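Student: I am new to this structure and would be grateful for a close look at one part. Please choose a single element, explain where it sits, and then work outward to what surrounds it.

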There are 2 protein chains.
Amino acid sequence: MIDKLIEKIQKTGAPIVVGLDPTMKFVPEHIQKAAFAEKGETLEGAAEAVWLFNKGIIDKTYDLIPAVKPQIAMYEQFGIPGLRAFQKTVDYCREKGLVVIGDIKRGDIGSTSAAYASAHLGRVQVGSSLCAAFDEDFVTVNPYLGSDGVQPFIDVCREEKKGIFILVKTSNPSSGEFQDRQVRTGSAGEDAGGTDSGEKPLYEIVGEKVAEWSSQLMGEKGYSYIGAVVGATYPEQGRALRRVMPKSFILVPGYGAQGGTGKDLIHFFDDNRLGAIVNSSRGIIAAYQNEKYSRFGTYNYADASRQAVIDMITDIDQAFASVGK
Amino acid sequence: MIDKLIEKIQKTGAPIVVGLDPTMKFVPEHIQKAAFAEKGETLEGAAEAVWLFNKGIIDKTYDLIPAVKPQIAMYEQFGIPGLRAFQKTVDYCREKGLVVIGDIKRGDIGSTSAAYASAHLGRVQVGSSLCAAFDEDFVTVNPYLGSDGVQPFIDVCREEKKGIFILVKTSNPSSGEFQDRQVRTGSAGEDAGGTDSGEKPLYEIVGEKVAEWSSQLMGEKGYSYIGAVVGATYPEQGRALRRVMPKSFILVPGYGAQGGTGKDLIHFFDDNRLGAIVNSSRGIIAAYQNEKYSRFGTYNYADASRQAVIDMITDIDQAFASVGK
């Protein structure tokens, strides 16, 4: 699947992923009204609105982009109907040939992580049948519980030829609270009595572990099925992490609405403009609410999204050009 | 809700929670057969089997215990039908008067964490209506993303009088990989130039942060709505963390099948036998598969679970007695 992602990036010339994170305040009123008229002001109504909103954007952008990243929380808040809209969105995007990155940030231990991996990337045994629950191509994974929590995902990736992106350095303002902590290098655990007095930030320790995990499962184009999440909002840390994880594809959130710009991203990429994929959510899906795109109007919200995608590709292209990549 | 949990613990004399983590291999064949006959070897069939299995156990144990902890991964693996079984289980347990701890280990940033919090503890605005998606009393939360990720849960807890348990030191073998890392104390971040040369394990840093969060939202019985998860399998770390977070109720996994015993738990409790709640999943719900309870037979699996609950209460009671608590 990492190879498919790379192919699609090369074909579209767009190392970007559209974050399908629909909160109700992004959904144009005419869509809300239509959905509520049919299903009421209920979870079903909200889910229908979200689905119609997504479909509009997908139909207007799928030819320009390699991938989408639905954020499951935005669907989970609408309960079972919301999760059905998530599933419908995933399936529809795959039909359209898009690579789907489920932003689920799951992570647990042993058989529980295995259950999440089966739920989103694999299949589950029911009697003598194998059934698929949700069916994304990649998911995001939280590493706080250590290898026990991550390995079951890697095992399912191997079997299904799918991938994961592991949180290393997130894009939010308080990500440093734990992730930037200076950690003594040497062995972990209370018994660690090493004499190594070096120090590294925790995100780098996690990055080193990701590099190890990545090496377990390489694709055919130089990158691993096991990637990382590193926010655009921390370019210096990003530069360091790119070196620490040379074979890990990096999913980069934080572009646009969160403050990252094209030039903050360049260091994530190799000389072939590969190695990273940049996410924008609000900046694309709610573009029509931005003054810059207000000419499209509410009814043509998806055309505004298309234009925002084109502009994002140009911004990143120019940033590449400015450094001769 | 923390006050309700404490009341229920005092009333039952049982500081325990039954983990409703039904994998298919725990579900007796006669239940699987009945469910598959009705719904086929499908996700629907699996979900039905899981629900029937749960209901049997709940009906035979609800009078002995204060709380249950369904692990959502075990339901999510069966897709939408599985999540419907999760919801049915949550609702049924609440009807039976049980406190429900959703073991969801969610955690994201800002509005995304807020969406998870609404999904599981709160309500979501749809047009002019407020709708509830899932409706647990507590959930577990992953802290890796920092305050941005946790605060939205605390805000919803305040509004809804519900609670969370934040992962601090998990029970799994590799939990130390990141959680036990020795971290330089002083301020975080790359700019930290403090002269403080002290060191603490990361779990203690997280524990200190949990103590801070806990102080934001106290119940009326001396404990906070904001608690912590600390595994029974690491008693020494548990002892340290109990001191670091004196007002945080501690959810303790790792008892029984994972190796923790009654005496490993005592230090989590105060002199009133409060301050912690011990989870057992497999040891209770799959008790009938354990030789110790094989006399009950497969058909009476729920009676085996009841006996296992009684034995667990006795084990913890004896441990209390042995130290005069």
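Tutor: One definition is needed at the outset: a residue is called buried if 20 or more other C-beta atoms lie within 10 Å of its own. It should also be said that the model is predicted.

The part chosen is strand 10 of chain A. All five of its five residues are buried, so strand 10 of chain A is largely enclosed by the rest of the structure. The burial concerns both of its faces: on one side Ile226(A), Ala228(A) and Val230(A) are buried, and on the other side Gly227(A) and Val229(A) are buried as well.

The setting of this strand is a sheet. In general, the strands of a sheet pair through backbone hydrogen bonds, in either a parallel or an antiparallel manner. In chain A, eight strands form a closed barrel in the order 1-2-3-6-7-10-11-12, and their pairing is parallel. On average, neighbouring strands of this sheet are turned by 30 degrees against each other, direction ignored.

Strand 10 thus has a partner on either side, strand 7 and strand 11, in that barrel order. Towards strand 7 of chain A there are five bridges, and the two strands run parallel. Lys169(A), for example, has Val230(A) of strand 10 as its bridge partner. Towards strand 11 of chain A, which comprises residues 250-252, there are two bridges, again with the strands running parallel. Here Val229(A) stands opposite Leu251(A) of strand 11.

Following the barrel from strand 10 through strand 7, one meets a further element that is mostly covered: seven of the seven residues of strand 7 of chain A are buried. Strand 7 of chain A is joined in parallel to strand 6 of chain A by four bridges, and within this pairing Val141(A) stands opposite Ile166(A). One step further, strand 6 of chain A pairs in the parallel sense with strand 3 of chain A, residues 99-106, over three bridges. Ile101(A) has Phe138(A) of strand 6 as its bridge partner.

What, then, packs on this sheet and touches strand 10? Helix 7 of chain A does so, touching strand 6, strand 7 and strand 10 of chain A, and its direction makes about 150 degrees with that of strand 7 of chain A. Helix 9 of chain A also packs on the sheet, touching strand 7 and strand 10 of chain A; its direction makes about 160 degrees with that of strand 7 of chain A.

Helix 7 of chain A deserves attention of its own. Its 14 residues, 147-160, should span 20 Å at 1.5 Å a residue, and its end C-alpha atoms are 20 Å apart, which agrees. Its buried residues are Asp148(A), Gly149(A), Val150(A), Pro152(A), Phe153(A), Ile154(A), Val156(A) and Cys157(A). These buried residues pack against strand 10 of chain A, and also against helix 6, strand 6, strand 7 and helix 9 of chain A. After helix 7 comes Lys161(A), whose phi is positive, near 55 degrees.

Helix 6 of chain A leads outward to the other chain. Nine of its 11 residues are buried, among them Tyr116(A) and His120(A). The cover over these buried residues includes strand 3, strand 4, strand 6 and helix 7 of chain A, together with helix 4 of chain B.

This brings us to the contact between the chains. In total, 70 residues of chain B are in contact with 71 residues of chain A. On the side of chain B that touches chain A, the largest share, seven residues, comes from helix 6 of chain B. That side divides into 30 nonpolar, 28 polar and 12 charged residues. Since 100% of the interface residues of chain B are also interface residues in chain A, the copies meet through the same surface.

Finally, the arrangement of the two copies may be stated. A turn of 180 degrees, with a shift of 0.0 Å along the axis, lays chain B on chain A with an RMSD of 0.0 Å. The two copies are therefore related as by a two-fold rotation axis. In chain B, the C-alpha nearest that axis belongs to Val183(B), 2.2 Å from it.

Key. Residues numbered from 1 in each chain as written. Chains lettered and ligands numbered in written order. Predicted model: local features only at pLDDT ≥ 70, side-chain atom pairs only at ≥ 80, totals over all residues. Least-squares fit on C-alpha atoms with pLDDT ≥ 70 in both. Contact = placed C-beta atoms within 7 Å. Expected span 1.5 Å × (residues − 1). Buried ≥ 20, exposed ≤ 12 C-beta atoms within 10 Å, placed from the backbone. Nonpolar A, V, L, I, M, F, W, Y, C, P; charged D, E, K, R; others polar. Pairing = 2+ DSSP bridges. Axes fitted to C-alpha atoms, helices over the stretch in contact; angles between N-to-C directions.
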